Structure formats: structure tokens, C-alpha cells
Amino acid sequence: MAAKRKKLPPRAASSPDGLVLVDREAAGDPRVVTVTINRPDKLNAITKALWARLGETMRALHRENDVGCIVLRGAGEKAFGPGADISEFESTRATTKLAIAYGKTMHGTLAAIRDCRHPTVAMIHGLCVGGSLEIASMCDLRICGESARFGVPINRIGVIMAYPELSALIDLVGRATALEILLEARVFGAAEAKDKRLVTRVVPDARVTEEAYVAAARIAGGAPLSNRWHKKFARRLTDPKKLTAREYREGFANCDTRDYLEGYRAFLEKRRPKFEGR
């Protein structure tokens, strides 16, 4: 009697309302998935519904095994995003109770991006401020154009950055720079953003898409298990607790995988490896 095949989770797809698009062809590499925040008429301003859809999408992609890299972008080339859609605050963030519910959705999505086991690349065109910058900052790499602009000018409207968000910003740029960004509330250019470690790479505006996909292809071309373990280990090392013996041993667990054998044998045989993710 044949053994039952394990049922695979459904593949992530574009949200029914079109707020978040999932494209597996844009990069020309089936291992690279493009996730687009899709409100171009509003420069990709983020509604509560969009926060929820983006979180659902990232969690679904996390469960897939054939993903090599995720490219996260805003629709069009005018803006990655201007942050939250303030026009809905009257109904979604008018009271502490409402704001807590909004924050739960928002923080869940930011965590889903940060904790996704697959490598992520933020493709940043134009404006990237507020909540949109927080989304980009959760990605592993952030590639922007020379004319891109950044900042978190939320004190101009009396908004505060809650503990989970502030902790992530401090982890990325340090306490002093995080406070500079929040207290001065300036919107600044790409070169300064790179100096502050908000972005990984600055390229000419016309090359942002190409450079992001080239980076994603490089990542996807590596052993997926290596990439996933590196993400897991880097995250674990932010915890000051001493590594357990089991955790230390996991640093060598790749030696029991098929991809490890394929990788070094392909090197010795001077051929391109064919990784399977196992």
C-alpha cells in the first residue's frame, strides 16, 4: 500500500481585494516571489486592512518550501509608501482601545516579515517613511534609488512609536540615531539613510528594480537551508541568553542534509549545484 503524500499548505496568492499582490514571474526566476503593496493611487499608504493582508501573505509564504527569496515593494516607482493612511484614523485609531487593536494587527505583520524564514529584499522607489519604512526595515536587505527619501515624522501628528516598533528601530540603527529620527522628524535622502544603516545599498533610480532582482537571484541561487539557518542564527544572537548545547550542535546540522553533499560535490566537480532544500 502506497504511503500517503504529505499535504502541502496552499501557496500564497494575491489578496482578493487586490491590496497585496503576489507575483512569481516578475523576477524571471521561479524561486523569487514579488510581494507588492498595491495602492498606487494613494502612494501605497497602509490601511488596517492592508496591514492584515500583508501579514497573511508573509505567513503563507513562510510555510512554502520552494521559495528562495521574497522581494517586497510598493506599486509603481513613486513611493514604497508614505506610511499609514491617516484618513482612516478617525475609525481605526481614535481611542486607546482602537489603537491597541490596530497595533496588534500592525505588529503581527511586522513580526511576520522579520521572522519569515526566507530571505527578504525591500525594493525601495521614492518615498519611504513612517510605517512603510518600518516594513522595509524588517527586510534582510534594503535597496533604494538615489532620490529615495526616508524618515518617521510622526510627532508632527501626535503619533508615537510603540515598544515593539521602537525596539526594532533601535536594533537596526542604535538608540541615539533612532531618537534623532523620531525627535527631529526630518525627511532625509538616500545617502544619509545608508549612513544611518536604514538601507543596505543605494543605486541609480533607473537600476533599483534590476539591482533588487539581481540580489534576490544571488540569494535564491544559494542553498535555501543555509539561508534559513543563517537568518535563524542571526535572530537568536540578539537574545543575550547563552546558547544551549543543542543550539550549538545545530550549527553543524547542515552536514546531515542532501544540499550539503550536493554543494561540496558540485564544487569539486566544477559544476553548478542543484539544491533541493533538504
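A nonpolar patch here is made of Val, Leu, Ile, Met, Phe, Trp or Tyr residues that have over 30% relative accessible area and no salt bridge, with their side chains joined within 5 Å. With that in hand, welcome to a short tour of this predicted model. One such patch on its surface is formed by Y260, Y264, F267 and L268. The structure also offers two pockets of about 630 Å³ and about 510 Å³, one cavity of 30 Å³ or more, and 23 salt bridges.

**The surface patch**

- Together, the four residues Y260, Y264, F267 and L268 present about 460 Å² of accessible area.
- F267 belongs to helix α11, which covers residues 258-268.
- F267 has a relative accessible area of 66%, so this residue counts as exposed, the cut-off being over 50%.

**The largest pocket**

- The largest pocket holds about 630 Å³ of space, and R114, M138, D140, R235 and T238 are the closest to its centre among the 21 residues that line it.
- Helices α3 (96-115), α5 (163-173) and α9 (224-236) each bring at least two residues to this lining.
- The largest share comes from α9, with six residues.
- Sorted by class, the lining has ten charged, seven nonpolar and four polar residues.

**The second largest pocket**

- About 510 Å³ of space is found in the second largest pocket.
- Its lining has 26 residues, and F89, R93, I154, V159 and I160 lie nearest the centre.
- Both α3 and α4 (130-137) supply at least two lining residues each, and α3 gives the most, with six.
- Here the classes divide into 17 nonpolar, six polar and three charged residues.

**The cavity**

- A search of the whole structure turns up one cavity of 30 Å³ or more, and the space in the largest cavity is about 40 Å³.
- Its lining is made up of E180, I181, E184, A185, R186, F188 and K196.
- Helix α6 (residues 175-184) gives the most to this lining, with three residues.
- By class, four of the lining residues are charged, three are nonpolar and none is polar.

**Salt bridges**

- As background, side chains of opposite charge can pair when their charged atoms come close.
- R114, one of the residues closest to the centre of the largest pocket, meets D115 in a salt bridge at 2.7 Å, N to O.
- Both partners are partly exposed: R114 has 31% relative accessibility, and D115 has a relative accessible area of 37%.
- K232 and E250 form another salt bridge, at 2.8 Å, N to O.
- Because K232 sits in helix α9 and E250 in helix α10 (residues 245-250), this pair ties together parts that are 18 residues apart in sequence.
- K232 is partly exposed at 45% relative accessible area, and E250 is partly exposed at 22%.
- D239 and K241 are joined by a salt bridge of 3.9 Å, N to O, which falls within the 4 Å cut-off.
- In that pair, D239 is partly exposed, with a relative accessible area of 28%, whereas K241 is exposed, at 58%.
- Salt bridges with shared partners also link E180, E184, R186, E192 and K196 into one network.
- Among the members of that network, E180, E184, R186 and K196 also line the largest cavity.

Technical notes:
Residues are numbered from 1 along each chain as its sequence is written. This is a predicted model: local features need pLDDT of at least 70, side-chain atom pairs count only at pLDDT 80 or more; totals for chains, interfaces and linings use all residues. Side-chain values use heavy atoms; hydrogens and water are left out. On a 1 Å grid over the protein atoms alone, a cavity is a set of points where a 1.4 Å probe fits but cannot get out, and a pocket is an open set with protein on both sides within 12 Å along at least five of seven lines; lining residues have an atom within 4 Å of a point. Grid points are joined across faces, edges and corners, and a volume is the space filled by probe spheres set on the points. Helices (H or I, at least four residues) and strands (E, at least two) are DSSP runs, numbered from the N terminus. Ala, Val, Leu, Ile, Met, Phe, Trp, Tyr, Cys and Pro count as nonpolar, Asp, Glu, Lys and Arg as charged, and the others, Gly among them, as polar. Patches are made of residues with over 30% relative accessible area and no salt bridge: like charges are joined within 9 Å, nonpolar side chains (Val, Leu, Ile, Met, Phe, Trp, Tyr) within 5 Å. Accessible areas come from the Shrake-Rupley method with a 1.4 Å probe; for residues, only the protein chains shown count as cover. A salt bridge is a side-chain nitrogen of Lys or Arg within 4 Å of a carboxyl oxygen of Asp or Glu. Buried means under 20% relative accessible area, exposed over 50%, partly exposed in between (1.4 Å probe, protein chains only).
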